[in-house]
Amino acid sequence: MSTKRTVHRHARSTPSAPQPTAAFVVTAADCGLLLIRLTFGLLMAGHGAQKVFGLFGGQGLTETGKAFAALGYQPGKLFAAIGGLSELLGGLGLALGLLTPLAAAALIGVMINAMATVTGAHGLWETDGGVEYSVCIAVVALAIAAIGPGRLAADRFLPWGVGGWKEAAFALGLGGLAAAITLSL
């Protein structure tokens, strides 16, 4: 036996509560995260372009390669290209919110190398040549991997587009592994 339920609506014209919609609403948090990604990512990409292409007052690959060789990276030019491209592509990835955990890993790996070979012996503060700047870059990259790139990102519809513990662990683990391999060569 089936029963029918009838819903009675009152004829009163009272305004109903706003109904949630599927419309895309940009929040202040979305814009804030985009601002961080764009500023940080594009500055890191520019830093890499200095090394690789000599743009923005940089020395270019040949001179940067000599500096890398003086730090013990052999062949210097190859390691300069790897470091510069990691900064360039990692920065662009974060700016676009594209392959965010991988982009973060690239920057984390480069910064671990910078701390181990250049700035680590000088303490914390940048004014003494210390690790301050490299730590900030690595932490911001890791935080973006953990938080996710936000809704205004190319990764928005991909599984890692929301960030999380796995994405952060991936970025830190891969960046650390790449740095360890590079430092052992």
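Modeller: Let us begin with one term: a residue is buried under 20% relative accessible area, exposed over 50%, and partly exposed in between, with a 1.4 Å probe and protein chains only. The model above is predicted, with local features needing pLDDT of at least 70 and side-chain atom pairs counting only at pLDDT 80 or more, while totals for chains, interfaces and linings use all residues. Residues are numbered from 1 along each chain as its sequence is written, and side-chain values use heavy atoms, leaving out hydrogens and water.

Colleague: Is Glu63 buried, partly exposed or exposed?

Modeller: The relative accessibility of Glu63 is 37%. That value lies between the limits of 20% and 50%. Glu63 therefore counts as partly exposed.

Colleague: Of what elements is the secondary structure of the chain made?

Modeller: Helices (H or I, at least four residues) and strands (E, at least two) are DSSP runs, numbered from the N terminus. From that end on, the elements run α-α-α-α-α-α. The secondary structure comes to 0 strands and 6 helices.

Colleague: What share of the residues of the chain counts as buried?

Modeller: The chain has 185 residues. The share that counts as buried is 35%.

Colleague: Which residue meets Asp30 in a salt bridge?

Modeller: A salt bridge is a side-chain nitrogen of Lys or Arg within 4 Å of a carboxyl oxygen of Asp or Glu, and by this rule the count comes to 3. For Asp30, which is buried at 9% relative accessibility, the distance from N to O is 2.6 Å. The partner is partly exposed, with a relative accessible area of 31%. That partner is Arg151.

Colleague: Why does the salt bridge of Asp30 and Arg151 tie together parts that are apart in sequence, and by how many residues?

Modeller: The side chains of Asp30 and Arg151 meet in this salt bridge. Asp30 lies in helix H1 (residues 28-53), whereas Arg151 lies in the loop between helix H5 (132-147) and helix H6 (165-184). The pair therefore ties together parts whose separation in sequence is 121 residues.

Colleague: Which residue meets Glu87 in a salt bridge?

Modeller: The side chains of this pair meet at 2.9 Å, N to O. The pair links distant parts of the chain, with Glu87 in helix H3 (residues 76-96) and its partner in helix H1, 36 residues apart. Glu87 is buried at a relative accessible area of 2%, and the partner counts as buried at 16%. This partner is Lys51.

Colleague: In which helix do Glu63 and Lys66 both lie?

Modeller: The side chains of Glu63 and Lys66 meet in a salt bridge of 3.2 Å, N to O. The two residues are 3 apart, about one turn of the helix. Both lie within residues 60-70, in helix H2.

Colleague: Which residues is Thr64 in contact with, leaving aside its neighbours within four places in sequence?

Modeller: Thr64 is found in helix H2 and counts as buried at 8% relative accessibility. Contact means heavy atoms within 4.5 Å. With those neighbours left aside, Thr64 is in contact with Lys51, Gln59 and Ala80.

Colleague: Which element gives the most to the largest nonpolar core?

Modeller: A nonpolar core is a set of buried Ala, Val, Leu, Ile, Met, Phe, Trp, Tyr and Cys residues joined through side-chain atoms within 4.5 Å. The largest one has 16 residues, and those with the most contacts inside it include Phe40, Met44 and Leu94. The elements that give two or more residues to this core are H1, helix H4 (100-119) and H5. The one that gives the most, with 7 residues, is H4.

Colleague: Which residues does Phe40 touch, not counting those up to four places away in sequence?

Modeller: Phe40 is among the residues with the most contacts inside the largest nonpolar core. In soluble globular proteins, nonpolar side chains tend to be buried together. The residues that Phe40 touches are Leu94, Leu107, Ile137, Val140, Ala141 and Ile144.

Colleague: Which residues do ring pairs link into a cluster?

Modeller: Rings of Phe, Tyr and Trp (its six-membered ring) pair if their centres lie within 6.5 Å; planes under 30 degrees apart count as stacked, over 60 as edge-to-face and the rest as tilted. A search of the whole structure finds 2 aromatic pairs. Phe68 and Tyr73 form a tilted pair, 5.5 Å centre to centre with 40° between the planes, and the rings of Tyr73 and Phe79 likewise have centres 5.5 Å apart and planes at 40°, so that pair is tilted. The cluster consists of Phe68, Tyr73 and Phe79.
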